[in-house]
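Reader: Could you walk me through how to read the features of a structure like this one? I am happier at the bench than at the screen, so please take it step by step.

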Amino acid sequence: MREVTDPLLNLVRRHREPVVAQTARSTVAAVISYAVATQLSSEAAPLTAPLTALLVTQVTLYTTLRTGIRRVNAVVAGVLVASGFSALVGLTWWSLGVVILASLITGRFVKAGEFVPETAISAMLVLGVTQNQVAHVALDRVLETLIGAVVGLGFQVLFVPPVWVQPAGEAVIDLAGRMHRLLLGLGEDVCGFTPVSQAADRLHQARRLDHDIVEVDVELRRAEDSLRLNPRVREGLLSRVVMRTGLDALEICAVVLRTTARTVTDLAKKRLDEPLFSEEIADSMRELYVHMASAVEAFAVLITTPVSTSAEEAEDRLVRELEASRTSRDTVAFQLLDKVREHPRQWQLHGALLAEADRLLDELDVEKRSQRLWEELDRQSREQRERNPVLRRIRQFRSRERARRREQEEERELEWEEER
């Protein structure tokens, strides 16, 4: 009994995962669209409707709407191309080639996206019927496509998909955790004698962060799409920009960590029979890396936590760790400067470690993050206004109307005061 129950319980726990949610929604939407199509279409088996619903229904409302529009554009464009050709010529090898070429080009023009081949498929299906059936088949294919797209979109509107911010936040926290452990490892490597193989393993860990960032980016894109057009969400743009700019900063930090690991590896190759640093400098450098590791963790918590007491605590912790990191960095710099004449070899690698620490701390800086955040918000707002000129005119008209009413109210108040 336990072998049967455990998978069921596991499925219940995973019901909010994107794959599970999309599977359930796509199945239900496809069945509903088929039932509707059997009532409206004259086809005996209107499978185009459930096929469209399967393709259209996505894990977010935004991607569902975008996919539905592209799918309908592709089918309608293909039907129109084939209808035009069928009125002139029948189905031959050369007419088929011309229809496919024209359909693929038309699909690009109507911005069908990934459904460009669907334009040619629809055109071929319509072209392959007899002349007196062209209008009938074309109408049924367009109708079934519209049914599938409308049912898929309507299903998503009635049962709004969840917001996938939490999985993205967990992915960011996991990435920061790996960076945290890497920094702690680098802090251990600079102490005492470090074999080249150990430093090389640390470098491989740093290089694997690139793959981790790609996976986090996929989760973040899904979260960004789930925030668009979602009635559950307020300030969706702010949430998207906070996490996106935060991931960009962590990506740069990963590059810095890879460079740091490379510098430590080069230093280990040059000092095979001696410690990388003296005991005093090594302790200071380990303290620096410990503080930077804590700063990375605090930064990840800050960008994944809503505006609340927890976010304020994360920001306070980040500020403290950054201050401690800069203090430790200055201490290491003075110690290295004092020892450079006693141990002048590979001094450029010492400077590289300090420069890389500066870059990482600069990316995590609270003021720089706020400035980058507002710049990105301003840029995206400006792009939205440029993409929607009608909406921009409406906003301008409303602004002028509010200003005009404000002036009228001020004039009435002045007249009322003069009468008194």
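Reader: Let me start with a single residue: is E297 buried, partly exposed or exposed?

Author: First, a word on the source: this is a predicted model. For a residue like this, look at the relative accessible area; buried means under 20% and exposed means over 50%, with partly exposed in between. E297 has a relative accessible area of 27%, so it is partly exposed. You will find E297 in helix α11, which covers residues 279-304.

Reader: Which residue is E297 9.6 Å from in space, C-alpha to C-alpha?

Author: That is R178, and the two are 119 residues apart in sequence. Distance along the chain and distance in space are separate readings, and it pays to check both. Helix α11 also holds S294. S294 and A176 are 118 residues apart in sequence, with 9.6 Å between their C-alpha atoms. S294 itself is buried, because its relative accessible area is 14%.

Reader: Where does D201 sit, and how far is its C-alpha atom from that of T265?

Author: D201 is in helix α9. Its C-alpha atom and that of T265 are separated by 9.2 Å, although the two residues are 64 residues apart along the chain. With a relative accessible area of 46%, D201 is partly exposed.

Reader: Let us turn to salt bridges. How many does the structure hold?

Author: There are 14 salt bridges in the structure. To read one, ask which side chains meet, where each residue lies and how exposed each one is. Take D189 and R202, whose side chains meet at 2.9 Å, N to O. D189 belongs to helix α8 (residues 165-189) and R202 to helix α9 (residues 196-227), so this pair ties together parts that are 13 residues apart in sequence. Both partners are buried.

Reader: What parts does the salt bridge between D210 and R258 tie together?

Author: D210 lies in helix α9 and R258 in helix α10 (residues 236-270), so the pair ties together parts that are 48 residues apart in sequence. The distance here is 2.9 Å, N to O. D210 is partly exposed, at a relative accessible area of 34%, and R258 is partly exposed too, at 24%.

Reader: How far apart, N to O, are the side chains of D330 and R329 in their salt bridge?

Author: They meet at 3.6 Å, N to O. Try the accessibility check on this pair: D330 counts as partly exposed at 37%, whereas R329 counts as buried at 19%. Salt bridges can also join up, and here D217, R221 and R244 are linked in a network of them.

Reader: Now helices. Why does the length of α13 agree with what a helix should span?

Author: The test uses a rise of 1.5 Å a residue: the 18 residues of α13 (residues 347-364) should span 26 Å, and the end C-alpha atoms are 27 Å apart, which agrees. Next, look at which side is covered. An α-helix has 3.6 residues a turn, so residues three or four places apart point the same way. The buried residues of α13 include L349, L353, L360 and L364.

Reader: And which residues of α6 are buried?

Author: Among them are V116, A120, A123 and L127. The length test works here as well: the 12 residues of α6 should span 16 Å, and its end C-alpha atoms are 17 Å apart, which agrees.

Reader: What is the phi of K111?

Author: Most residues other than glycine have a negative phi. K111 is not a glycine, yet it has a positive phi of about 60 degrees. It is placed in the loop between α5 (93-109) and α6 (116-127), and it is exposed, with a relative accessible area of 65%.

Reader: Last, the surface. Which residues gather in a patch of negative charge?

Author: E407, E409, E410, E411, E413 and E415 do. One of them, E411, is in helix α15 (residues 389-419) and counts as partly exposed at 47% relative accessibility. There is a nonpolar patch on the surface as well, formed by V28, I32, V36 and L40, with about 300 Å² of accessible area together. V36 is in helix α2 (residues 18-40) and is partly exposed, at 31%.

How values were computed:
Residues are numbered from 1 along each chain as its sequence is written. This is a predicted model: local features need pLDDT of at least 70, side-chain atom pairs count only at pLDDT 80 or more; totals for chains, interfaces and linings use all residues. Side-chain values use heavy atoms; hydrogens and water are left out. Patches are made of residues with over 30% relative accessible area and no salt bridge: like charges are joined within 9 Å, nonpolar side chains (Val, Leu, Ile, Met, Phe, Trp, Tyr) within 5 Å. Accessible areas come from the Shrake-Rupley method with a 1.4 Å probe; for residues, only the protein chains shown count as cover. A salt bridge is a side-chain nitrogen of Lys or Arg within 4 Å of a carboxyl oxygen of Asp or Glu. Lys and Arg count as positive and Asp and Glu as negative; His and the chain ends are not counted. The place of a charge is taken as NZ of Lys, CZ of Arg, CG of Asp or CD of Glu. Helices (H or I, at least four residues) and strands (E, at least two) are DSSP runs, numbered from the N terminus. Buried means under 20% relative accessible area, exposed over 50%, partly exposed in between (1.4 Å probe, protein chains only). The expected span of a helix is 1.5 Å times one less than its number of residues.
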